[in-house]
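Here is my note on the structure you sent for comment. The points are numbered so that each can be taken up separately.

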Amino acid sequence: EIKNPLASLRSAVGTLRVAKRDDQREKLLDVIDHDVRRLDRLVSDISNASRLDSELVKEDEEAFDLLKMLRNLTDFLGEEASKKGIDFITDLPPDPIVVSGLEARLAQVFVNLITNAQSFCEDGDAIRVWARQRDNRVLIVVEDTGPGIPEQALSKIFKRFYSERPKSDFGNNSGLGLAISKQIVEAHGGVIWAENIRPTDADITSEPLGARFVVGLPV
Ligand SMILES: Nc1ncnc2c1ncn2[C@@H]1O[C@H](COP(=O)(O)OP(=O)(O)OP(=O)(O)O)[C@@H](O)[C@H]1O
Ligand SMILES: [Mg+2]
């Protein structure tokens, strides 16, 4: 992942040395700028992910109210969604749900899920975040009315560096969000999965009505 932009950078610099026309130079500078930004993002995402490994073994777990955390996040991210014309719905029970773990890292999971949903939604779409406790488990669901996930991608999206986005976004995403989220959730003894929203009897080649991400955590 690091080598590709690096090779592109090296070749752009090499070509720049021999480019004579200003418009050619301008184009190459754009390529360089783009590669540098991609590398910058990759390196900080990778270093963040590798810090995770050591954090997860240090065991500085704390008990905290998951719902309070979700309310803080959804207040902030919901406002951003509303500005894009997205209907942001939260449905959280009134009583606290106390879980034990690394609060900042679990928050990162939901920020990843909600910002992903936001990025695939347009004006008129909706995102819903809801949570419910049942015995000693809590389920947190982030669902959206965006384009859904291509069926053949469902098994890949949690892999490192898998990112499939409209070309206009190229370079802004490392494809680490869901891989890191899975690692965090599993380190807390939880599960995470993705599914498309579509009628039971619909053909799996039909267009989904949206995407749904589910996180289950022990309480
Ligand atoms: N809500 C969603 N609707 C449709 N596709 C999604 C959704 N969330 C994730 N995906 C797909 O899963 C891929 C992987 O997601 P992930 O968060 O790991 O990477 P990313 O968002 O592309 O990059 P990063 O999180 O590092 O910025 C996305 O590129 C996209 O193709
Ligand atoms: Mg992401």
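1. Gln118 is found in helix H4, and I begin there, bearing in mind throughout that this is a predicted model. With a relative accessible area of 9%, Gln118 is buried, because that value falls under the 20% cut-off. Leaving out residues up to four places away in sequence, Gln118 touches Leu77, Glu80, Ala81, Lys84, Ile86 and Ile127.

2. Helix H4 itself covers residues 103-120, and its 18 residues reach 26 Å from the first C-alpha to the last, which is close to the 26 Å expected at 1.5 Å a residue. Besides Gln118, the buried residues of H4 include Arg105, Asn112, Leu106, Val109, Phe110 and Leu113, and a reader who colours the helix by residue type may wish to look at the first two of these in turn.

3. Helix H3, residues 66-83, likewise has 18 residues and reaches 26 Å between its first and last C-alpha atoms, close to the 26 Å expected at 1.5 Å a residue. Its buried residues are Leu66, Leu67, Met69, Leu70, Leu73, Thr74, Leu77, Gly78 and Ala81; two residues of that list, Leu77 and Ala81, are also among the contacts of Gln118. At the start of H3, a side-chain oxygen of Asp65 comes to within 3.0 Å of the backbone nitrogen of Leu67, while after the helix there follows Gly85, which has a positive phi near 85 degrees.

4. For helix H1, residues 3-18, the length can be checked directly: 16 residues at 1.5 Å a residue should span 22 Å, and the end C-alpha atoms are 23 Å apart, which agrees. Which residues of H1 are buried? They are Pro5, Leu9, Ala12 and Leu16, and, seen down the axis of H1, these buried residues fall within an arc of 65 degrees, so they line one face of the helix. As a general matter, an α-helix has 3.6 residues a turn, so residues three or four places apart point the same way. The face of H1 turned away from the buried side carries the exposed residues Lys3, Asn4, Arg10, Arg17 and Val18, whereas what covers the buried residues includes H2.

5. Glu61 sits in the loop between helix H2 (22-58) and strand E1 (62-65), and at 44% relative accessibility it counts as partly exposed. Although Glu61 and Gly101 are 40 residues apart along the chain, their C-alpha atoms are separated by 4.3 Å. Not counting residues up to four places away in sequence, Glu61 touches Ser100, Gly101 and Leu102, and with Ser100 there is a polar contact of 3.3 Å between the two side chains.

6. Trp130 has its place in strand E4, residues 126-134, and is partly exposed, with a relative accessible area of 22%. Leaving aside neighbours within four places in sequence, Trp130 is in contact with Asp91, Leu92, Leu139, Ile140, Val141 and Glu143, and the side chains of Trp130 and Glu143 make a polar contact of 3.3 Å. Trp130 and Gly148, by comparison, are 18 residues apart in sequence and 18 Å apart in space, C-alpha to C-alpha.

7. How many aromatic pairs are there? The count comes to one aromatic pair: the rings of Phe158 and Phe213 have their centres 6.4 Å apart and their planes at 65 degrees, so the pair is edge-to-face. This pair links distant parts of the chain, with Phe158 in the loop between strand E5 (137-144) and helix H5 (177-187) and Phe213 in strand E7 (residues 210-218), 55 residues apart. Both Phe158 and Phe213 are buried.

8. Finally, the ligand. Of the 20 residues around ligand 1, those that come nearest are Arg41, Asn116, Ser163, Glu164 and Leu178. A polar side-chain atom of Asn116 lies 2.8 Å from an oxygen atom of ligand 1, whereas for Glu164 a polar backbone atom is 2.7 Å from a ligand oxygen. Gly175 also offers a polar backbone atom, 2.9 Å from an oxygen atom of ligand 1.

Key:
Residues are numbered from 1 along each chain as its sequence is written. Chains are lettered from A and ligands numbered from 1 in the order in which they are written. This is a predicted model: local features need pLDDT of at least 70, side-chain atom pairs count only at pLDDT 80 or more; totals for chains, interfaces and linings use all residues. Side-chain values use heavy atoms; hydrogens and water are left out. Helices (H or I, at least four residues) and strands (E, at least two) are DSSP runs, numbered from the N terminus. Buried means under 20% relative accessible area, exposed over 50%, partly exposed in between (1.4 Å probe, protein chains only). Contact means heavy atoms within 4.5 Å. A polar contact is a pair of N or O atoms within 3.5 Å; within protein, one must be able to donate a hydrogen and the other to accept it, and residues adjacent in sequence count only if both atoms are side-chain atoms. The expected span of a helix is 1.5 Å times one less than its number of residues. The arc is that of the directions from the helix axis to the C-beta atoms. Rings of Phe, Tyr and Trp (its six-membered ring) pair if their centres lie within 6.5 Å; planes under 30 degrees apart count as stacked, over 60 as edge-to-face and the rest as tilted. A residue is near a molecule or strand if one of its heavy atoms lies within 4 Å of it.
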